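This report goes through one protein chain, with the sequence and the model to hand. The topics are the pockets, the domains, one helix and a few single residues.

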Amino acid sequence: MSTHFKIYDWHTGPYPARVRIALAEKNLQGRAEFVSVDLWKGEHKSADFLAKNYSGTLPVIELDDGTFIGECTAITEYLDSLDGNPVLTGRTPKEKGVIHMMSKRAELELLDAISVYFHHATPGLGPDVELYQNAEWGFRQRDKALRGMHYFNEVLKQQPFVAGEAFSMADVTVIGGLIFAQLVELAVPAECEALQAWYVRMQARSSVKNRVSMSDPTV
């Protein structure tokens, strides 16, 4: 089992936030070395970084043996399984199925939709990084994200967490979506009271509250 790993990310990024929260939930901060990849300078699109992650996205984890793992879900699976007690990704086949389903829905209906809105219908990361933009597509995805907020509001009217009765990777993914929403000033609709109340509870978790200060010396 690897005892140490590097995490390539950007301290305020919404996708890196997912892995930072998972890391804290598993109490693994002491085993991680953070390496900053500046999104605003386009460092994630450099040849050096693309050699680590073909997708050119953050975060990426590098294991002791030189293995690179990209994609938040895959990294969370790895972190959650290290101690044989997978509390974030599910223990039983049913838990795993529901958690992965809801996490994927959170990506498709909320987080990724906001990402498209950011990159296409706002200045995004600037002209040096945003080489192509389609504003119409961006605004369509913004509206999709708002519909996603309504969907998760209905889910959270029925249960305390996104995938049921316990905090999981699905909650982390929705948290990432709402972090991104705040960054692009896309407000959660006022009528989504259950989602808003859930997010207040989530922000009180130490793993969420302290995610930036893990590696940013200015915090």
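In the pocket counts below, Ala, Val, Leu, Ile, Met, Phe, Trp, Tyr, Cys and Pro are taken as nonpolar, Asp, Glu, Lys and Arg as charged, and the others, Gly among them, as polar. The model is a predicted one.

**Pockets**

By that grouping, the lining of the second largest pocket consists of 7 nonpolar, 3 polar and 4 charged residues. Its 14 lining residues include Glu-95, Ile-99, Ala-163, Glu-165 and Ala-166, which lie nearest the centre of the second largest pocket. The volume of this pocket is about 220 Å³.

The largest pocket has a volume of about 680 Å³ and a lining of 28 residues. Nearest its centre are Tyr-15, Thr-57, Leu-58, Ser-115 and His-119. The lining of the largest pocket splits into 14 nonpolar, 8 polar and 6 charged residues.

| Pocket | Nonpolar lining residues | Polar lining residues | Charged lining residues |
|---|---|---|---|
| Largest pocket | 14 residues | 8 residues | 6 residues |
| Second largest pocket | 7 residues | 3 residues | 4 residues |

Which helices supply at least two residues each to the lining of the largest pocket? They are α1 (14–25), α3 (72–81), α4 (93–121) and α6. The largest share comes from α4, with 5 residues.

**Domains**

The domain assignment divides the chain into domain 1 (5–82) and domain 2 (93–204). Their C-alpha centres are 20 Å apart. Across the boundary, 15 residues of domain 1 are in contact with 19 residues of domain 2. The lining of the largest pocket draws on both domains, with at least three residues from each.

**The loops around Glu-71 and Pro-59**

Glu-71 sits in the loop between β4 (68–70) and α3. Its phi is near 75°, a positive value in a residue other than glycine. Is Glu-71 exposed or partly exposed? Glu-71 has a relative accessible area of 45%, and the exposed class begins over 50%, so Glu-71 counts as partly exposed.

Leaving out residues up to four places away in sequence, Glu-71 touches Ser-55, Thr-57 and Pro-59. Thr-57 is 14 residues from Glu-71 in sequence, and the two C-alpha atoms are 8.0 Å apart. Thr-57 is also among the residues nearest the centre of the largest pocket.

Pro-59, another contact of Glu-71, belongs to the loop between α2 (47–50) and β3 (60–63). The peptide bond that joins Leu-58 and Pro-59 is cis, with omega about 0°. Leu-58, like Thr-57, is listed among the residues nearest the centre of the largest pocket.

A positive phi also occurs at Asn-27, where the value is near 55° and the residue is again not glycine. Asn-27 lies in the loop between α1 and β2 (32–36). The relative accessible area of Asn-27 is 63%, and Asn-27 is exposed.

**Helix α7**

Helix α7 covers residues 193–203. Its buried residues are Ala-194, Leu-195, Trp-198, Tyr-199 and Met-202. These residues are on the same side of α7 because they cover an arc of only 130° around the axis. Glu-193 and Val-200, on the other side of α7, are exposed. What do the buried residues of α7 pack against? Their partners are α5 (135–158), α6 (169–183) and α8 (206–209).

**Two exposed helix residues**

Gln-158 is part of α5 and is exposed, with a relative accessible area of 66%. The C-alpha atoms of Gln-158 and Ile-69 are separated by 35 Å, and the two residues are 89 residues apart along the chain.

Leu-183 is in α6. The relative accessibility of Leu-183 is 51%; exposed means over 50%, so Leu-183 counts as exposed. Leu-183 nevertheless touches Thr-12 and Pro-14, with residues up to four places away in sequence not counted. Between Leu-183 and Ala-47 there are 27 Å, C-alpha to C-alpha, for two residues 136 residues apart in sequence.

Methods
Residues numbered from 1 in each chain as written. Predicted model: local features only at pLDDT ≥ 70, side-chain atom pairs only at ≥ 80, totals over all residues. Heavy atoms only, no water. Buried < 20%, exposed > 50% of the residue type's maximum accessible area, 1.4 Å probe, protein only. Helix = DSSP H or I, 4+ residues; strand = E, 2+ residues; numbered from the N terminus. Arc of directions from axis to C-beta. Contact = heavy atoms within 4.5 Å. 1 Å grid on protein atoms, 1.4 Å probe; cavity = no way out; pocket = protein on both sides within 12 Å on 5 of 7 lines; lining within 4 Å. Points joined across faces, edges and corners; volume = space filled by probe spheres on them. Domains from an automatic or database assignment.
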